[in-house]
Amino acid sequence: MADSIRFGTDGWRAVIAEDFTFDNVRVCAQAVAAYLRETVGQGAGVVVGYDTRFASEDFAAAVAEVLAANDVHVYLTTKAEPTPVVSHAVVNLKADGGIVITASHNPGRWNGFKYKARDGASAPMEVIAEIERHVSILLQPGSETHVRRLALSEALARGLVEWHDPAVAYVAGVSRLVDLDALRQMDGTVVVDSMFGAGSGYFAQLLGGGRLVIDELNGERNPLFPGIRPEPITPNLARLRGRVPEVSAVLGIATDGDADRVGIVDEQGRFMTQHQVFGLLCHYLLAVRQERGHIVRSVTTTDMISLLGQHYGAPVHVTAVGFKYIAPLMLEYDALVGGEESGGYGFRGHIPERDGILAGLYFLDYVRRTGRSPSTLLEDLYTLVGPHHYDRLDQEMESSNRSRIAAILETMGPEKVGDSEVHRVDRTDGVRLVLRDGSWLLFRLSGTEPLVRIYAEAESPERVRTLLAQGRSLLGL
């Protein structure tokens, strides 16, 4: 077993067979059961789902066996399902929580354990702290607290575990938010890249049967994620970027390994950054659908969101990175939309959680209702708020280097970055250097991977590249 198990920005993730083992997964499940016993008591219910990674269904079964042995009723999905579909099922079934076996966008050798609260959102910090406390007790040598297990076959026979297909309720819920019939009758093709992940087949299910053609790439299960990691960003979307102009598609939509994130490729095969997509989705909700409400964004997202909020009278709240910070504010303010830099967006009337499938549907509906191409819609947005360009550098590092970089960030506060004066230092999460010219540079140690991330936004791609290079220099990289 591992010496310790720590939950990062969205669950615990580790390398399969190294730390992500059946023993450690069962420890996490027992810790969840102990937490539920303290907070809910008898009769707790949990939805358990999983993605398409190696042995994910077996890890999910192991979770179900532990929960059942602790008298927790389990709704175990019948197949690999997107995380937002599992989150939706938690709410629809009025369950007390949800567990998803997934490492989201991590490379194929990783897997993970996500815990969802009863509202379908990523569990808040105080809940995670309690689960981690129980994990720590279980991992102590000589602990009198043990992991309980009940064979899946027996748990099914006794009714403690039941198979559940969450897709029907999810599709019904999405259909109340966007006009699927109108989308089905669009002329043209949409290319979907499921990235070998759990979102496979969903766009065809939602939008098939009409004039719109759904051309799906990488829809088969392949835990190796050949040639890519399942994160919908430019380096992993070469096939999608080539396919869209090849078939003269309206646009391309990619979902990550568990389909809670989205990537958009415009009609010319150009990847649209997550910041551009977030800005466009906000503009769609505010200008096209004429909806109003609060907007929640993480500190790593584009300033275009705040400018749109000012223009349309929508209050904007800025949080630390992670939807577990965004979701509580979405619930508190019944927010119109919440989003983060990674391409995860949640919407009012759905679940306070990221949903790459719904985000893709909304983007397509934006194109349908305006009759304008994605690239033209971006030009319209820039006319309103000014051009904003962004990029991110993920610098891998040895564990020994992490403490050195953490020490640099602890005291970082330069007067200038290159020739640009630093206007403000924001420590909401990591270190964000806001420059006088309106551009910004942000440094943040990843909570789930051995990486330091460097983010930059400026008025031109050239300026962004310069800022990233200057950022590496500030860290001595």
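Val-47 stands opposite Gly-98 in strand E4, and that pair is a handy place to enter this structure. The model is a predicted one: local features need pLDDT of at least 70, side-chain atom pairs count only at pLDDT 80 or more, and totals for chains, interfaces and linings use all residues. Residues are numbered from 1 along each chain as its sequence is written, and side-chain values use heavy atoms, with hydrogens and water left out.

## Around strand E2

Val-47 belongs to strand E2 (residues 45-50). Helices (H or I, at least four residues) and strands (E, at least two) are DSSP runs, numbered from the N terminus. E2 runs parallel to strand E4 (residues 97-101), and 5 bridges join them; two strands count as paired if DSSP finds at least two bridges between them. E2 also pairs with strand E3 (residues 73-77), again in the parallel sense, over 4 bridges. There, Val-46 stands opposite Val-74. With helix H2 (residues 56-69) added, E2 and E3 make a right-handed β-α-β unit, where right-handed means that, with the strands pointing away from the viewer, the path from the first strand over the helix to the second runs clockwise.

How much of E2 is buried? In E2, 6 of the 6 residues are buried, so the strand is largely enclosed by the rest of the structure. Buried means under 20% relative accessible area, exposed over 50%, and partly exposed in between, with a 1.4 Å probe and protein chains only. Both faces are covered: Gly-45, Val-47 and Gly-49 lie on one side, with Val-46, Val-48 and Tyr-50 on the other.

## Strand E20 and its partners

Strand E20 (440-445) shows a similar kind of cover, with 6 of its 6 residues buried. Trp-440, Leu-442 and Arg-444 are on one side of E20, while Leu-441, Phe-443 and Leu-445 are on the other. Strand E19 runs antiparallel to E20, joined by 4 bridges, and the two form a hairpin with 4 residues between them. In the turn, Gly-438 has a positive phi of about 95°. E20 pairs with E21 in the antiparallel sense too, over 6 bridges. Phe-443 takes part in both pairings: Val-431 has Phe-443 as its bridge partner in E20, and the bridge partner of Phe-443 in E21 is Ile-454.

## Helix H16

E19, E20 and E21 are among the strands that cover the buried residues of helix H16. H16 (residues 461-474) has 14 residues and reaches 20 Å from its first C-alpha to its last, close to the 20 Å expected at 1.5 Å a residue; the expected span is 1.5 Å times one less than the number of residues. Which residues of H16 are buried? They are Arg-463, Val-464, Leu-467, Leu-468 and Gly-471. These residues cover an arc of only 140° around the axis, which puts them on the same side of H16; the arc is that of the directions from the helix axis to the C-beta atoms. On the other side, Arg-465 and Ser-473 are exposed. After H16 comes Gly-476, with a positive phi near 70°.

## A mixed sheet and a buried serine

Another group of 5 strands forms an open sheet in the order E8-E7-E9-E10-E11, with mixed pairing. Strand E8 (213-217) and strand E11 (271-272) stand at the edges, each with a single partner strand, so one side of each is left without a neighbour in the sheet. Within the sheet, strand E9 (residues 251-255) and strand E10 (residues 262-265) pair in the antiparallel sense over 4 bridges. Thr-255 has Val-262 as its bridge partner in E10.

Thr-255 also touches Ser-194, which lies in the loop between strand E7 (189-193) and helix H8 (202-207). Beyond four places in sequence, the contacts of Ser-194 (heavy atoms within 4.5 Å) include Glu-216, Asn-218 and Asp-256. The C-alpha atoms of Ser-194 and Arg-221 are separated by 9.7 Å, at 27 residues apart along the chain.

## Some buried side chains

Here are five buried residues from this model.

| Residue | Relative accessible area |
|---|---|
| Arg-26 | 12% |
| Cys-28 | 0% |
| Ser-194 | 0% |
| Gln-274 | 5% |
| Cys-282 | 1% |

Arg-26 sits in helix H1 (residues 22-39) and touches Ala-62, Val-66, Val-147 and Arg-149, leaving out residues up to four places away in sequence. Gln-274 is found in helix H10 (residues 274-288); its contacts beyond four places in sequence include Ile-233, Glu-341 and Tyr-390. How many disulfides are found in the whole structure? The search finds 0 disulfides, a disulfide being a pair of cysteine sulfur atoms within 2.5 Å.
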